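Subject: Structure handover

Hello,

Please find the structure below, with the sequence. My notes on it follow, so keep it open while you read.

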Amino acid sequence: MNKRSKDLRRKQRVERTKLEILRGAAEAFRQRGVSATTMEEIARRLHMTKGNLYYYFRSKEEILYFCQDYSLDLLLARLEEIRRSGAPPDEQLHRLIREQVGIILDELNASAMHADFHMLSPRRLRKIIEKRDRYERGVREIIREGMERGIFREGDPKLMAFAILGAINWTVRWFSPHGPRSAQEIGEVFADYLVRGLKAHETGTAK
């Protein structure tokens, strides 16, 4: 195996380990809050030494930043993919809601991407807010397009986007992986309910 292949495999191992740390830390943040969670607790959950944890992340704030940054990158990638599909706006929004619920509840075990982000340093906070704003604008554009095409009833796309994202983001406060509903089931219910609430027509009859 040449040096380039070895370096690539090492990089992949590091990324996998960092993702495992993010998942463990996100669960601790969700249960206890960022302020009450210590690096020692995160290391203990992952059966790692504190020194080994510090090899991958220098601080709890850095873990919180990567939790949010990783999740937002996933969301933005899904948004771009869905927008490229050319599907009608209602189908795009339905799929995006399902994807978002799955990412925030499954990908990082109800991640901390929607909690305590103001604890980040100003530089990191600006980066997270920029990505959040970019995602929100994408949701708003889908809603606006649906309104322009008569698929969604007229209204304020920004307020509708805030209402939808607020409902989805709140799931991290009550979701339990051991509860009666899976993240996929919750995503499907939310997508059906939230998209139906925007529709301009009900069973073919104008309201």
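Let me begin with helix 6, which covers residues 122-148. At 1.5 Å a residue, its 27 residues should span 39 Å, and the C-alpha atoms at its ends are 38 Å apart, so the two values agree. After helix 6 comes Gly150, which has a positive phi near 80°. Please keep in mind that this is a predicted model.

The whole chain

The chain has 207 residues, and 43% of them count as buried. It holds 9 helices and 2 strands. In sequence order the pattern is α-α-α-α-α-α-α-α-α-β-β, which puts the helices ahead of the strands. The C-alpha trace spans about 65 × 40 × 35 Å along its principal axes.

Helix 7 

Helix 7 takes in residues 157-169. The same check works here: 13 residues at 1.5 Å each should span 18 Å, and the end C-alpha atoms are 18 Å apart, which agrees. Its buried residues are Pro157, Ala161, Ile164, Leu165 and Ile168. Looking down the axis of helix 7, these buried residues fall within an arc of 95°, so they line one face of the helix.

Both ends of helix 7 are worth a look. At its start, a side-chain oxygen of Asp156 comes to within 2.9 Å of the backbone nitrogen of Lys158. Asn169 also belongs to helix 7, and its side chain makes a polar contact of 3.2 Å with the side chain of Gln100. Between Asn169 and Gly179 there are 18 Å in space, C-alpha to C-alpha, for a separation of 10 residues in sequence.

One of the buried residues of helix 7, Ile168, can be paired with Ile104. Ile104 sits in helix 5 (residues 89-107) and counts as buried because its relative accessibility is 0%. Ile104 and Ile168 are 64 residues apart along the chain, and their C-alpha atoms are separated by 8.9 Å.

Helix 9

Is the buried side of helix 9 one face or not confined to one? First, the length: the 16 residues of helix 9 (residues 183-198) should span 22 Å at 1.5 Å a residue, and the end C-alpha atoms are 23 Å apart, which agrees. The buried residues are Ala183, Ile186, Gly187, Phe190, Ala191, Leu194, Val195 and Leu198. Down the axis of helix 9 they fall within an arc of 135°, so they line one face of the helix.

Loops

The loop between helix 2 (39-45) and helix 3 (50-56) contains His47. Most residues other than glycine have a negative phi. His47 has a positive phi, near 55°, and is not a glycine. His47 is exposed because its relative accessible area is 76%, and exposed means over 50%.

Met48 is in the loop between helix 2 and helix 3 as well. Is Met48 buried or exposed? Met48 is buried, because its relative accessible area of 17% is under 20%. The C-alpha atoms of Met48 and Ile164 are separated by 39 Å, with their positions 116 residues apart along the chain.

Thr38 is in the loop between helix 1 and helix 2. Its relative accessibility is 36%, so Thr38 counts as partly exposed. Thr38 and Lys60 are 22 residues apart in sequence, and their C-alpha atoms are 7.3 Å apart in space.

The second largest pocket

Rolling a probe the size of a water molecule over the atoms shows where empty space is left. The second largest pocket has a volume of about 180 Å³. Which residues line the second largest pocket? They are Glu15, Arg16, Lys18, Leu19, Leu22, Phe66, Asp69 and Tyr70.

Helix 1 (3-32) and helix 4 (60-84) each supply at least two residues of this lining. Helix 1 gives the most, with 5 residues. By type, the lining residues divide into 4 nonpolar and 4 charged, with no polar ones.

That is what I have for now.

Regards

How values were computed:
Residues numbered from 1 in each chain as written. Predicted model: local features only at pLDDT ≥ 70, side-chain atom pairs only at ≥ 80, totals over all residues. Heavy atoms only, no water. 1 Å grid on protein atoms, 1.4 Å probe; cavity = no way out; pocket = protein on both sides within 12 Å on 5 of 7 lines; lining within 4 Å. Points joined across faces, edges and corners; volume = space filled by probe spheres on them. Helix = DSSP H or I, 4+ residues; strand = E, 2+ residues; numbered from the N terminus. Nonpolar A, V, L, I, M, F, W, Y, C, P; charged D, E, K, R; others polar. Expected span 1.5 Å × (residues − 1). Buried < 20%, exposed > 50% of the residue type's maximum accessible area, 1.4 Å probe, protein only. Arc of directions from axis to C-beta. Polar contact = N/O pair within 3.5 Å; in protein donor to acceptor, adjacent residues only side chain to side chain.
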